[in-house]
Amino acid sequence: NNFLQKPKINIGVLGHVDSGKTSLCGSLSTILSTAALDKNPQSQERGITLDLQFSAVETDEFLFALTDCPGHASLIRTIMGGAQIIDMALMVVDIQKGIQTQTAEGLVIAQITVDEMVVVINKIDSVPIATRAQKIDRVKAGLKKAFSATKFGSAAMIPYSAKDHSGKSELLEAMAECARRIIAKKLSQPSIAEQNLLFLVDHCFPIKGKGTVATGTIIRGTVKPNQDIYIPHLATSKKVKSIQMFKQPVQEAKGGDRVGILLTQFDSNNMERGIVCGKAGEVPLATQAIVRVTKIGFYKQPIKSKAKFHVTVGHTTTMATFQFFGTSDEATDFVIDKEYVSVDTLEGESSFALMTLETPTFCPLDWIFISSKLDTDIHVNQCRLAFHGHIVQQIEPQQIEKMKVYTLKEKEGKIERSTSNTSAIGVNLFKKETDMNLFVNMKVFLENGVEGKISGTFGKSGKFKVEFREPQEDLAGQIIKFPVKRYIFDKTKQLRQ
């Protein structure tokens with residue numbers, strides 16, 4: 001089991017369909033899992049990867065766990081589900097085709113989830129040797145230009161052939177350089193092994209006479225044989241009988257490990273994929289949550305509050321609406337009794353939002369989610385991934401009513417006549433049935449910026465009295481501006497300042 005003691009790095013292998021991702025994984029891998037290299041009969045029949053596939057590469061220094069993500073546009077949910085578990089990415093590009101639609105979408109997902117990437121210029125064996133070097137240089141130049149707008153502008157670009165293994169040593173060294181930076185960063189952060197268990201399951205299958213194996217990646221925490229684990233969507237606890245890591249039995253697995261966990265008295269049909277934690281209550285079931293969001297630059301359509309989007313959290317995708325809101329300061333923490341301004345259209349800057357899910361979903365706090373328009377025609381060359389973010393806190397309806405998210409309005413009236421050089425009678429702000437007591441002492445402004453206040457009602461036709469701080473001349477006919485804000489979640493619809 002010596003190889004299991006090496007630092008483990010989870011790598012997402014991304015790229016357009018038919019760019020050679022699975023062949024690349026096959027040429028690198030030294031250890032195969034139960035779900036690897038298109039063992040799925042449907043995958044073999046159709047000639048493309050249909051689900052996440054797993055294998056591993058052992059080197060002198062590291063154990064790289066490869067997640068081969070499907071490249072077909074219709075399988076983007078699966079790719080986003082796999083994004084939560086990776087430390088770095090291999091972006092596979094067909095040398096003959098360059099960047100394609102799913103290359104771009106994979107790049108967006110990598111930009112959201114990881115800081116390290118190696119670009120693999122694949123299938124170099126398809127180019128005649130006489131012109132190969134020139135072709136590689138041209139493709140590299142094009143990729144560098146395209147990647148310069150991302151955090152991966154200086155990523156290593158390795159020409160490679162899965163057929164004859166050309167470039168293998170260079171690729172493994174580039175992977176190792178990324179891994180060293182990842183390990184150094186992890187050492188500077190709090191240990192994820194000491195946190196509550198969170199295990200993302202991607203496959204379940206029965207073993208006759210033994211039980212059910214759940215395979216997946218431990219996101220954080222630790223698990224051991226004979227430990228009780230909790231499956232939130234089934235509301236049930238099960239005991240771990242044994243654990244394997246790449247077919248080797250282990251007595252402990254921790255955050256970052258790819259494992260298979262044997263459970264007894266558990267029907268594999270009850271869970272294909274999902275979340276497992278340590279005990280009930282550790283992963284909240286959310287219908288509504290406060291989230292922090294950022295627009296994806298490649299998405300070109302307007303992102304409006306209250307519009308519907310697909311939301312992917314882990315392996316779950318559901319529909320949701322978002323009410324965006326922001327703050328004038330740099331604060332990153334949400335405070336329920338703080339005032340925030342409602343945002344109609346999400347722009348590039350980070351913003352808060354109230355996310356309302358159509359289907360209640362188990363959402364670990366601080367987890368990444370990706371919002372998209374998956375009903376967009378996959379044959380149209382445009383990015384479907386709209387914005388991304390993380391879950392700040394779950395929120396209940398009674399808490400939402402207390403949120404001070406407001407819209408600003410400025411009503412206009414005018415001075416009908418003055419009663420002194422500091423007071424006047426105003427019209428055209430209120431209806432005759434308006435309860436003026438709600439607005440007494442609220443501020444109004446003349447066009448020159450002079451401040452006044454509403455001091456009371458005048459008659460029964462909606463007229464009102466205004467008093468100004470400073471003496472004014474020729475008040476009659478002047479425009480009065482009445483700026484007000486309304487808290488959008490306040491059922492009373494009361495106007496405030």
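**Close-up 1. Phe 62 and Phe 64 are both buried.** This view comes from a predicted model, and it is a friendly place to start. The two rings form an aromatic pair, with 5.6 Å from centre to centre. Their planes are 45 degrees apart, and the pair is classed as tilted. Across the structure there are 16 aromatic pairs, and another of them is shown in the next view.

**Close-up 2. Phe 322 and Phe 369 form a stacked aromatic pair.** Here the ring centres lie 6.1 Å apart, and the angle between the planes is 20 degrees. This pair brings together distant parts of the chain, as its two residues are 47 residues apart. Phe 322 belongs to strand β19, which covers residues 316–326, while Phe 369 belongs to strand β22, which covers residues 368–372. Are these two rings buried or exposed? Phe 322 has a relative accessible area of 2%, so it counts as buried, the limit being under 20%. Phe 369 is buried too, because its relative accessibility is 0%.

**Close-up 3. Five phenylalanines form one aromatic cluster.** Phe 322 and Phe 369 from the previous view are members. Phe 309, Phe 324 and Phe 387 also belong to this cluster.

**Close-up 4. Strand β24 pairs with strands β20, β29 and β25.** Take β24, residues 404–420, as your guide through this view. With β20, residues 339–343, it pairs in the parallel sense over three bridges. One place to look is Glu 339, whose bridge partner in β24 is Lys 404. With β29, residues 479–487, the pairing of β24 is antiparallel and runs over nine bridges. Which residue of β29 is the bridge partner of Glu 410? That partner is Pro 483.

**Close-up 5. β24 and β25 make a hairpin.** Two residues lie between these strands. β25 covers residues 423–427, and its pairing with β24 is antiparallel, over five bridges. To find the link between the strands, look for Ser 420, which has Ser 423 in β25 as its bridge partner.

**Close-up 6. Cysteines appear here without disulfides.** How many disulfides does a search of the whole structure find? The count is zero. Cys 277 is an example: the nearest cysteine sulfur belongs to Cys 363 and is 13 Å away. A disulfide needs sulfur atoms within 2.5 Å, so Cys 277 is in none. Cys 277 counts as buried because its relative accessibility is 1%. Cys 25 is buried as well, with a relative accessible area of 1%.

**Close-up 7. The largest pocket holds about 1500 Å³ of space.** Its lining is made up of 46 residues. If you would like to find the centre of the pocket, the closest lining residues are Asp 87, Lys 186, Gln 189, Ile 192 and Ile 219. Four elements give two or more residues to the lining: β1 (8–15), α4 (101–113), α6 (168–187) and β9 (211–220). Which element gives the most? That is α6, with six residues. Sorted by class, the lining has 20 nonpolar, 12 polar and 14 charged residues.

Notes:
Residues are numbered from 1 along each chain as its sequence is written. This is a predicted model: local features need pLDDT of at least 70, side-chain atom pairs count only at pLDDT 80 or more; totals for chains, interfaces and linings use all residues. Side-chain values use heavy atoms; hydrogens and water are left out. On a 1 Å grid over the protein atoms alone, a cavity is a set of points where a 1.4 Å probe fits but cannot get out, and a pocket is an open set with protein on both sides within 12 Å along at least five of seven lines; lining residues have an atom within 4 Å of a point. Grid points are joined across faces, edges and corners, and a volume is the space filled by probe spheres set on the points. Ala, Val, Leu, Ile, Met, Phe, Trp, Tyr, Cys and Pro count as nonpolar, Asp, Glu, Lys and Arg as charged, and the others, Gly among them, as polar. Two strands pair if DSSP finds at least two bridges between them. Buried means under 20% relative accessible area, exposed over 50%, partly exposed in between (1.4 Å probe, protein chains only). Rings of Phe, Tyr and Trp (its six-membered ring) pair if their centres lie within 6.5 Å; planes under 30 degrees apart count as stacked, over 60 as edge-to-face and the rest as tilted.
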